[in-house]
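Trainee: Could you walk me through one part of this model up close? I'd like to go slowly and see how a single piece sits among the rest.

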Amino acid sequence: MPYEWDEWAINALVGIEPYEVRQVLEADKRWPRPAVGPAGLRVLTIWGRTRAGRALIVAVHHSSGHTWKIIGAREMRTEELTEFAKWEERQ
């Protein structure tokens, strides 16, 4: 699945490197979960870990065809990490 970045999305990353976002999106174990943003935008969140084990949530929005735009990323909150770890155990 091809991913695209807009410059504003890269600039909005706080404490997360673009390569870490790519690692989560390309990871063998990742948990796709639909979500709705604050403005009502439907997105797909990808929960996963970087190669170093950092747990991130990456939000992508379907652009066209098979292309998705990366619109944001952040670290998992404590409760999300707990939920994700339980999901990992079941895999």
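Trainee: Which residues are buried in helix 2 (residues 18-26)?

Mentor: Sure, and keep in mind that this is a predicted model. In helix 2, the buried residues are Glu20, Val21, Gln23, Val24 and Leu25. So what covers them? The cover includes strand 1 (3-5), strand 2 (30-36), strand 3 (42-49), strand 4 (55-64) and strand 5 (67-75).

Now pick out glutamate 20 from that buried set. Its relative accessible area is 9%, and buried means under 20%, so glutamate 20 makes the cut. Glutamate 20 also has a charged partner: arginine 54 forms a salt bridge with it, and the closest N and O atoms are 2.9 Å apart. That pair links distant parts of the chain, since glutamate 20 belongs to helix 2 while arginine 54 sits in the loop between strand 3 and strand 4, 34 residues apart. Arginine 54 has 21% relative accessibility, so it counts as partly exposed.

Helix 2 has a salt bridge within itself, too. Arginine 22 pairs with glutamate 26, with the closest N and O atoms 3.5 Å apart. Both lie in helix 2, four residues apart, which is about one turn of the helix. Arginine 22 is partly exposed, with a relative accessible area of 28%.

To put those two pairs in context, the count for the model comes to nine salt bridges.

Key
Residues are numbered from 1 along each chain as its sequence is written. This is a predicted model: local features need pLDDT of at least 70, side-chain atom pairs count only at pLDDT 80 or more; totals for chains, interfaces and linings use all residues. Side-chain values use heavy atoms; hydrogens and water are left out. Buried means under 20% relative accessible area, exposed over 50%, partly exposed in between (1.4 Å probe, protein chains only). Helices (H or I, at least four residues) and strands (E, at least two) are DSSP runs, numbered from the N terminus. Contact means heavy atoms within 4.5 Å. A salt bridge is a side-chain nitrogen of Lys or Arg within 4 Å of a carboxyl oxygen of Asp or Glu.
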